[in-house]
Every structure is written in structure tokens, then in C-alpha cells.
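Let's take a walk through this protein together, one contact at a time. Have the sequence and the 3D view open side by side as you read.

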Amino acid sequence: MKTITPNKEEIRKSLKNGSVRNLTEAAVFLVLGFVLSSCFVLEAASPFSISLISVSKRKNFIYSAVGSALGYLVFCPQSFARYGVSVIIVSLGAFAVSLADIKNQPALPMVLAFLSLTATGVVVDVKTGATGAQYALTFAEGILGLGGSFFFFRAINCNFRRFRFKALPVSDLTCIVISAAVVLMSLARITVGELSPARILAVFLILMTTRFGSDRLGFILALSLGFSLGIESRETIFLAGAYGFSTLLASLFCPVGSWSAAVSFVLSCGLFSVASGSSAGLYITLESAAAGIVFALLPSVAVSKIEDFFHGGADIAPDGSLRQSLVVRLRFASSAMNHISESVNEVREKINDMNIRNAQRARAEMSEAEYISQEIINEKTNEIRMVASDQFFSISDMLADLAKEFDEAEYFDNIAAGRIRRMLGEYEIYPKNISVIEDKFGRMRIEIMTRGRETSLSKPEIQKEISKICSRYFDRGRLTHFREDSMITFAERPNYSFEIGFAQHSAEGKLCGDTIKTVNDGRGHSILIISDGMGKGGRAALDGAMGAGLLSKLLCAGFGFDSALKVVNSALLVKSNEESLATIDCSAVDLFTGRVDLYKAGAPATYIIKGNRVTKCELTSMPAGILRGIEFAKRTAVLSSGDLIVMTSDGITELGGEWLTAMLKGFEDTPVQEIADSVLREALNIAKGKKEDDMSIIAARLK
């Protein structure tokens, strides 16, 4: 350890003095200049090394110029005289710009690159008696050099301290991607046999970005790499469209899994290769297949690190004045509440330790009854303090959920909101507030707040008018009344709907210990809940109703499953002096994509039926109300149209699972209510002569 520490200190000092940093920058610009000079567009033009020199700063342009000159000498000796003069012209211009200390703008470097390339190219064309097409190519090379200077300038001068994909502006991110694509194009000339490692890397990066980053970032990367690698030669020009369309196709299959995204990309690329008739088509298809296999076989450790990299800026609010400020404040409040909870917990532990010591010291002076009474009081007081600490944690999580919701609100359409306000005025409805929100998935939600119990907002003609204004189809509005206000929410109509059926049996009296809730959160999610209270009868019914009721209200209010469960758990812990618990089983289905998230707290298995194939989803977890700090066990699946999901309480599953699995295979075209009734009848037949429990079943089919 002693030998390592001085080395670290020396490195820190050298970095602080700037010597290592300056040397590293010089080496990078030297290598980039050399590599970019090997980059030929349509096998004739090599402008990007000149672009790099034009944007290099005073301390680095000499290194990029030397690297470029060496590169031109090695890679195109027949044109070295022309490009060597271009290097000298642009180097002198860059030096003059640095001495003049002109405002830091890309215009001058762009002009320098364009003039140095065009002037030398025209001189060569005049001397060789070039045709009109060759003059056009010279002009096009100057334009490429001008564009390269712009992208290199923006990439070099962006704020790399904000290099998080959620914090870096899209314009800067695009310039970085295009600049990297140009460098990758320079490496595409290096081949193993006929295969290009650079193109394999390009496809891998596109798939990785689309799968773990975002569709938008994946498209930017695909178009940039496709154009850069495509213009290298006439045989590869089809890549400009092939990569873009293949990425669009892969993004549609990303929710299914990595293999589906990879296969769809490779098949699309292969189709473009065949259609182009290019001699390089076979190798480009093989390169895509190699990248797809590597991508699909990524180990879970690598996947986790990649996801962390792409989502590393999740704590940075997106750009946008009021929204940015709101997200920051909510996250700050969440962090503060979390800190308060930790402080309360520390104080609770110290007070509890002090009470235990005081009780032990006073043990000799107290009777047995007094000592037991004091112990009960201390224990109950400690439990109350623990629940208080948990409540602060719950509030912290709720604030974080609200921050996430505003973070996902990609766009607030103030123009549409103004049009809706004017339209409502024609119906003599004057709302307090209108929000037209489009999230990052392109889904729109409209929230209208009015004074008093305004019911006319739910009229069908108003919904039609709003649909016309926003050019979207909306579901029927969901009206919520507060004390003095009303709010109606119009959610964009999703691709799917849910057909739901349920059945229940009470084992004792009229009150069933199981509670069933089916709700729509107004954001395109259908949520199915079964909460099973401990035991049966009235007390179990109270626990089940409390668990399902609280959870459904919190979810509809926009809070997440984990924070909602903490509130439910705390409520059950303090409900009474007696033990009180409830299992909670939730299925949240995204009606836009068919994705279903299963959440279980002590609940039995859920069955997913696709045709005649039954999948049993069983997760180990603890019920709510028995311990502090319980969490949902989670699993995700994807449903298609016609698929069935069946949830049951333990009164049915405890009878054995074989009969239920066999029975569910025969319900492919049966109405869901009939399925629920049939399963309940069969369960009651099997339970005859045995100790009965409350039974509940939900059957739902995606349509």
C-alpha cells in the first residue's frame, strides 16, 4: 500500500499541473489527424483531416497538422502535394485565428476548411483539364470539410462534465455521435479478410443504444453511422438507409428481448444487401450477424453496467425552465425526507437503548407486573417511532415518484391547451388549469381542473372536440372530485383493451376476506389487484379491503408500486394491537405495448396463458403488515392479443396446481367471466369435505 499511494499522489499532481493532460491531448490530435487522413469519401475525397486542423486550438493544431501530413503521405501519396498544401493553408489560418483571439464560433473554422480544400482542388482540376463532374466532386469535398468542421467544433467544445445521456443537450450529443461516426469510417478500411471490424462495432453500438438507451438516440446513431460508413464507396452507399430502417425495426422488437431485436436488425440488413445487388452485401450481412450474436449473448453483468451508463443521468433534470426547476425541487425534497427518516431512526434506536438500560437498572425496585407493563409500553412506543420513520421514507419515495413522472413528461403543449380552453369557453366551462402532456413514449394525457363539481366535462361531444384539437383518439374522461375542485383526465386511447371477469366465494358469512380491485390509472395501464386478509370473515375482509383500497388509490394518484406498498404496510402495522396482515397480488398491464408487470407481496402464483401453453409465475415474498421494510417481488412478461392472465387467492391454489393448469388450457375462446365462474365451481367441488378458505379469481384477456 505504501508504494501505491505516492504514485497516485504523483499522478494527481501531474494532472493538476496539466502536463499529463496536455501530452494526452497532443497524442490524441496527432493520432486523429493521421487516422482521419485515411478516410476517403466515394474513394476519391479525404476532407476530414483538414476539418480537424481547422477546429484545433492553439496548443493542438500543430499536432493535428503533423498527423494529417503523415497520414496523407502514407495513405494517398499520389495526392500528397495537393493535400499537403491544404494542410499548410488551414494550419496558417488556424494559427491566425488563435492569435486574433476571435470569438469562439464555428464559422471561421468552417470557412477555412472549405477554402483550403476547394482552392487546392480547383487548381489541380484546372491543371489536369477536369470534367464538370470532377469540379462538382471538388466542391462537394469542400462542403464535407465545412460540415466536418462544424461537427468537430461542437463535439470538442461541448461540456463533457455533463456527459450523461439525460443531461447532455441533444444537439451536442448529435455532434458527438456524428464526429465519432467519421472516426469509425476512417477505421472501416481495416478489414479481416473481407469483413470490417469497424462495421461490426457500428452495428453492435446501434443495437446496444436502441435496446438500453432510447429509440431516439438509436436512430441518431444509426443514421450517422449509416451515412458515414455508406459514403465510403459506391458499393456501401445503401448502408445510409439500411441501418436507419433496421434500427426502426429493431426498436419495435426491443420490448420482447435482445435476441428479437438482433434478429430483426440482421434480417432487415440482409434484405437491403440483397436488394442493392452490391458485391459487399454478403459481407455486410455477415458483419451484422456477428454483431447481433455478440449483442444477444451479452452477460448480465455487462448489461447492468451498460444500463447504468445510459441512465446515469437519471438524477439530472431535463432542460426546460419550470419543469426542470420542479423536478429538481421534488428530488431535493425527496432527499431531505429520506435524511429526516434516517435521523428519526437513529434517534429511535438511541432512545430504545436508553429505555432498555433504565428498565434493567430499575428492575429490582419494580414488581413483576410493573416490569412487564413497562416493557409493553416501551415496545409499543418503539413500534410507533419505527412506523413514523417508515412514513418519512414513504413520503420520500412518493416525492421521487412525482419527480419521475414530471421527468417523463417530455413536452407540455401550451398551444393545444389554449385551444382547449377556448373550446370549453363555448360550453361555458372555465377551468382553473389545463395541462396537455406528451410523455417520452409519445403518449398524450390531458388534465383539466375546474372549480366545484363540474360534471359537463364528461360529455361525449367535449371528448370529440378535444380529439380534433389534439389530432389524437382519447378514452372517455376519468372524473375525480376533490373537496372544492374537480379534475377530468383524458388519456390517449391505447392499442389494446382488457376484457375482465372475476368471481368470489366467502368461506364464512357474507363478508369475503379477499378484496378484488380493477382500476385504470389514466396513463394507459390496467391494474388488477387481489388482497387477501389474514383468516376469514369480517376481520380478514377489513384487512383485505384496506390493502387493496389504499394501494389502488395511491396508484391512481400517480405514485409507484414500491412507495404505495410502504404506506399500505405501515397502515396495517398500526391498525390494531392484534396481528394484522394481507397478501397483495398486482398485475399492471401497459395497454399500449402489452407488457405486464407482476407485483407480489406474499401472494400465490399468477398464470399466463398463450394459446394452449400455460406459464405459472410464482414469486417468493412477504405479506404486508407483518414486518417493516417489505418489498414487492417483481416479474415482467409480454402479452399479445388473445393472451389470458389468471390471478387467484390462496384459497384456490392451496387445493393443488395441477388441476388448475390442466383446466386453463381449454379456455382459448371462452369468455373471461365464464372462465372465472368455471374455475371457482371446480375449486368448490375439490374443496368439499375440506377446510374452506375464501376464494377469489380474476381472469383477463388482452384484446
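A good place to begin is the salt bridge between D585 and K600, whose closest N and O atoms are 2.8 Å apart. This pair ties together distant parts of the chain: D585 sits in strand β9 (residues 582-590) and K600 in strand β10 (residues 595-601), with their positions 15 residues apart in the numbering. Both partners are out of the solvent's reach by the usual count, since D585 is buried and K600 is buried too. Please keep in mind that this is a predicted model, and that the values quoted here are computed from it.

As a general reminder, side chains of opposite charge can pair when their charged atoms come close. How many salt bridges does a search of the whole structure find? The search turns up nine.

Another of them joins E287 to R199, where the closest N and O atoms are 2.7 Å apart. Here too the pair links distant parts of the chain, with E287 in helix α13 (residues 281-296) and R199 in helix α9 (residues 197-213), 88 residues apart. Is E287 buried or exposed? Its relative accessibility is 1%, so E287 counts as buried. R199 counts as buried as well, because its relative accessibility is 8% and the cut-off for buried is under 20%.

A further salt bridge brings D643 together with K610, and its closest N and O atoms are 2.7 Å apart. D643 belongs to the loop between β13 (633-638) and β14 (644-648), while K610 belongs to strand β11 (residues 606-610); the two are 33 residues apart and link distant parts of the chain. The surroundings of the partners can be read from their accessible areas: D643 is buried, with a relative accessible area of 7%, whereas K610 is partly exposed, at 26%.

Now turn to the helices, starting with α14 (residues 300-310), where V303, I306 and F310 are buried. Why do these residues lie on the same side of α14? They cover an arc of only 65 degrees around the axis, and therefore share one side of the helix. The general background is that an α-helix has 3.6 residues a turn, so residues three or four places apart point the same way. The buried residues of α14 pack against α9 and α10 (215-230). You have already met helix α9, as the home of R199. On the face of α14 turned away from the buried side you will find the exposed residues V301, K305 and D308.

Helices can also be looked at in pairs. Two packed helices are described by the angle between their axes and the distance between the axes. For helix α2 (residues 19-36) and helix α3 (residues 48-55), the axes come within 7 Å and cross at roughly 155 degrees. That angle is why α2 is described as roughly antiparallel to α3, since angles over 145 degrees fall in that class. The crossing of these two helices is left-handed. To see the side chains involved, show F29, L32, G33 and L36 in α2, which meet F48, S49 and L52 in α3.

Some individual residues deserve a stop of their own. F61 lies in helix α4 (residues 61-75) and is buried, with a relative accessible area of 8%. Apart from residues up to four places away in sequence, F61 touches I53, S56, S91, A94 and F95. The C-alpha atoms of F61 and V90 are separated by 9.6 Å, although the two residues are 29 residues apart along the chain.

T138 is found in helix α7 (residues 132-157). With a relative accessibility of 8%, T138 counts as buried. Which residues is T138 in contact with, leaving aside its neighbours within four places in sequence? They are L117, T118, G121, V122 and D125.

E484 offers a contrast: this residue is exposed, with a relative accessible area of 65%. Look for E484 in the loop between β4 (478-481) and β5 (485-491). Beyond neighbours within four places in sequence, E484 is in contact with R451 and G452. The C-alpha atoms of E484 and T450 are separated by 9.0 Å, and these residues are 34 residues apart along the chain.

Finally, step back to view the whole protein, which has 23 helices and 15 strands. Of its 703 residues, 47% count as buried. Among contacts with a separation of 6 or more, 69% come from residues 24 or more positions apart.

How values were computed: Residues numbered from 1 in each chain as written. Predicted model: local features only at pLDDT ≥ 70, side-chain atom pairs only at ≥ 80, totals over all residues. Heavy atoms only, no water. Salt bridge = Lys/Arg side-chain N within 4 Å of Asp/Glu carboxyl O. Helix = DSSP H or I, 4+ residues; strand = E, 2+ residues; numbered from the N terminus. Buried < 20%, exposed > 50% of the residue type's maximum accessible area, 1.4 Å probe, protein only. Contact = heavy atoms within 4.5 Å. Arc of directions from axis to C-beta. Axes fitted to C-alpha atoms, helices over the stretch in contact; angles between N-to-C directions. Parallel < 35°, antiparallel > 145°, perpendicular 65-115°, else oblique. Left-handed = near helix turned anticlockwise from the far one by under 90°.
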